[in-house]
Amino acid sequence: MRLTPGLLVGCYRQGLFPMAGPGGRVGFYRADPRAVLELDALHVSKSLARVLRKGTYEVRFNHDFEATIRACADRPETWISGEIIRAFLELHAAGLAHSVEAYREGELAGGLYGVALGGAFFGESMFSRRPDASKVCLVRLVERLRERGFVLLDCQVQSDHLARMGAVEIPEPEFMRRLSGALELPRSFS
């Protein structure tokens with residue numbers, strides 16, 4: 001089965017997310033508990049606040065989605081296969097997949113990407129080539145989501161990094177209830 005934008009959107013609406021396993025075969029998964037970042041509970045450390053104040057990074061939205069997703073995939077073990085990259089490039093062209101990128105001296109220093117549907121943003125992956133670059137992108141993402149009335153930032157699976165930024169785990173039934181309400185909201189990321 002070909003991974004298409006329509007298939008991806010349908011799966012996200014059902015609380016599923018894609019991951020490629022060994023050999024590149026793509027499967028769809030759920031997480032219980034589910035990690036979410038409450039938009040009003042983002043934790044910004046003192047050192048990160050200094051980086052933000054100094055303007056260490058220039059942040060852009062959707063400037064180079066392809067470079068961002070490829071950088072996220074560029075690691076020894078990755079769940080982002082060539083098929084996932086191709087499908088997300090199509091989803092980006094359709095206006096549903098978005099990137100947040102941090103630049104330093106004109107070079108891509110970090111970023112993240114995900115999918116916006118209704119009032120929900122599904123965070124997929126992030127990378128950092130310089131200190132705090134992906135954290136700066138996450139802060140700017142949360143600011144944009146707040147400004148545009150989004151109500152749910154899905155982080156899928158909890159990590160120490162996300163927990164330090166304020167992500168929490170909620171039971172899957174609660175996530176699905178919140179997702180259902182978020183999908184009904186007419187919101188625009190761009």
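**Notebook: cores, helix α1 and the main pocket**

I looked first at the largest nonpolar core, which has 36 residues, and noted that Tyr12, Ile80, Ile84, Phe88 and Tyr113 touch the most other members. A nonpolar core here is a set of buried Ala, Val, Leu, Ile, Met, Phe, Trp, Tyr and Cys residues joined through side-chain atoms within 4.5 Å, with buried meaning under 20% relative accessible area (1.4 Å probe, protein chains only).

The model is predicted, and local features need pLDDT of at least 70, side-chain atom pairs count only at pLDDT 80 or more, and totals for chains, interfaces and linings use all residues. Residues are numbered from 1 along each chain as its sequence is written, and side-chain values use heavy atoms, with hydrogens and water left out.

I then listed what Tyr12 touches (heavy atoms within 4.5 Å): leaving aside residues up to four places away in sequence, its contacts include Phe17, Phe88, Val115 and Leu179. I also found a second, separate core of 29 residues, with Ala109, Ala133, Leu153 and Leu162 among them.

For α1 (helices are DSSP runs of H or I, at least four residues, and strands are runs of E, at least two, numbered from the N terminus), I recorded Pro5, Leu8, Val9, Cys11 and Tyr12 as the buried residues. They cover an arc of only 165° around the axis, which puts them on the same side of α1; the arc is that of the directions from the helix axis to the C-beta atoms. Just after α1, I noted Gly15 with a positive phi of about 80°.

Note on methods. Buried means under 20% relative accessible area, exposed over 50%, partly exposed in between (1.4 Å probe, protein chains only).
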